[in-house]
Amino acid sequence: MNLTFLGTSAGSPTAERNVSSIVLDLRQERGKLWLFDCGETTQMQMQKAKFSLAKLEIIFLTHLHGDHVFGLPGVLTSRSLMQNQSALTLIAPKGIKQLVETVNEISYSWLTYPLNIIELEENGIVFEDNQFQVEAKLLQHRVPCFGYRIIEKDLPANLDIEKLRQDNIPMGSHCDDLKKGKTITLNDGRIIKGSDYLGNINNGRKLAILGDTIACEASIELAKDVDLLVHEATQEHALAEKAIERGHSTTVHAATIAKQANAKRLIMTHISPRYNLNDNDKLVNEAKNVFANTEIAIDFATFRV
Ligand SMILES: [Zn+2]
Ligand SMILES: [Zn+2]
């Protein structure tokens, strides 16, 4: 799976950074895209990054501040013009239903596909199927704001083909049973246990995508042992007081959460418009003093998980 940042600016866009929006590209895993936050211009950014609106399966919003939601009406209504219609799920804090219905009513817009809206008011599992589980927890911001923990379920172990070959076990339909760990009898009478020929279980990947927040316990819980953590870092650490006052984090706060959670990798985003891309090294170095495996997102950067 890949994570592509479509917007990385806090509050308002700059000439270099658009506002918050991240695509979790699951086309390889399930043929779909998940979107996290939907700031203004998200649909144009998606086109530039070659992501089709038709492939969207779920939109998760962290909170309803404008820089995370003003792109939503355009994304929803333009999607109605696409050829391959499929249902879309929208998961966001309470209030999103009223926002979508009001915009559609006043602008005489309508959707041509089923939109399933799930409004969040408390912590819990917000999505689960045989492949993924997504958990949401309330963070600490000026308005209700959630972070998401995305868990890919472990994939079954593959058969150890080399070992089968060494033991002269022919390939064939019985391999499906061996893969399930069953015991089979070969034509030559040998009894073979599947469990003797299974490799290691493929561990599912884990990531956390957090919304705007000050450093808090819920962030550590969501990011526990993840392969990749996306955390906001609105300000440099010298402006910690200002950041906290507005419900935001600094570079050092983000790095501290990554360290406390034992995350493997940190990507910082939601960067104040006061900084330009030339400030990236300075911001990353502040965080690296606390958590070495830190990077800063720029628009259209893609990270492989
Ligand atoms: Zn924001
Ligand atoms: Zn906010």
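Is R30 buried or exposed? I looked up this residue before any other entry. The model is predicted. R30 has a relative accessible area of 18% and is therefore buried, the cut-off being under 20%.

**Entry: the partner of R30**

I next examined the salt bridge of R30. Its partner is D129, and the closest N and O atoms lie 2.9 Å apart. I noted that this pair links distant parts of the chain: R30 belongs to helix α1 (residues 27-30), whereas D129 sits in the loop between β7 and β8, 99 residues apart. I then looked up the accessibility of D129. At 23% relative accessibility, D129 counts as partly exposed.

**Entry: strands around the loop of D129**

I followed the chain on either side of that loop. Strand β7 covers residues 124-128 and strand β8 covers residues 132-138; the two run antiparallel and are joined by 4 bridges. The connection from β7 to β8 is a hairpin through 3 residues. I125 has E135 of β8 as its bridge partner.

I then asked which strand also pairs with β8. Strand β9 (residues 146-152) does so, running antiparallel to β8 with 7 bridges between them. E135 recurs here, for its bridge partner in β9 is R149. I recorded E135 as bridged to I125 and to R149.

**Entry: the zinc site**

Which residues coordinate the zinc ion (ligand 1)? I found D67 (OD), H68 (NE2), D212 (OD) and H270 (NE2), at 2.1 to 2.3 Å. D212 also bridges to the zinc ion (ligand 2), and the two ions lie 3.5 Å apart. I wrote the sequence spacing of the donor residues of ligand 1 as D-H-x143-D-x57-H. The pair D67 and H270 links distant parts of the chain: D67 is in helix α3 (residues 66-69) and H270 is in the loop between β14 (266-269) and α11 (280-288), 203 residues apart.

I checked the geometry of ligand 1 as well. The 4 donor atoms subtend angles of 90 to 171°, so the arrangement is irregular. The tetrahedral class requires all angles to lie between 85 and 135 degrees, and the upper value of 171° therefore rules it out.

I looked up the accessibility of two donor residues. D67 is buried, with a relative accessible area of 10%. H270 also counts as buried, at 2% relative accessibility.

**Entry: further salt bridges**

How many salt bridges does the model contain? I recorded a count of 16. Among them is the contact between the side chains of D25 and R27, at 2.8 Å from N to O. I compared the accessibility of the two partners: D25 counts as buried at 10% relative accessibility, whereas R27 counts as partly exposed at 36%.

I also examined helix α6 (residues 161-166), which holds both E162 and R165, 3 residues apart, about one turn of the helix. Their side chains meet in a salt bridge of 3.3 Å, N to O. E162 is partly exposed, with a relative accessible area of 43%. R165 counts as exposed, because its relative accessibility of 55% is over the 50% cut-off. After this pair I noted a network: salt bridges that share partners join E29, E152 and R205.

Conventions: Residues numbered from 1 in each chain as written. Chains lettered and ligands numbered in written order. Predicted model: local features only at pLDDT ≥ 70, side-chain atom pairs only at ≥ 80, totals over all residues. Heavy atoms only, no water. Pairing = 2+ DSSP bridges. Donors = N, O, S within 2.8 Å, 3.2 Å for Na, K, Ca; no water. Tetrahedral: all angles 85-135°; square planar, octahedral: opposite > 155°, others 65-115°. Buried < 20%, exposed > 50% of the residue type's maximum accessible area, 1.4 Å probe, protein only. Salt bridge = Lys/Arg side-chain N within 4 Å of Asp/Glu carboxyl O.
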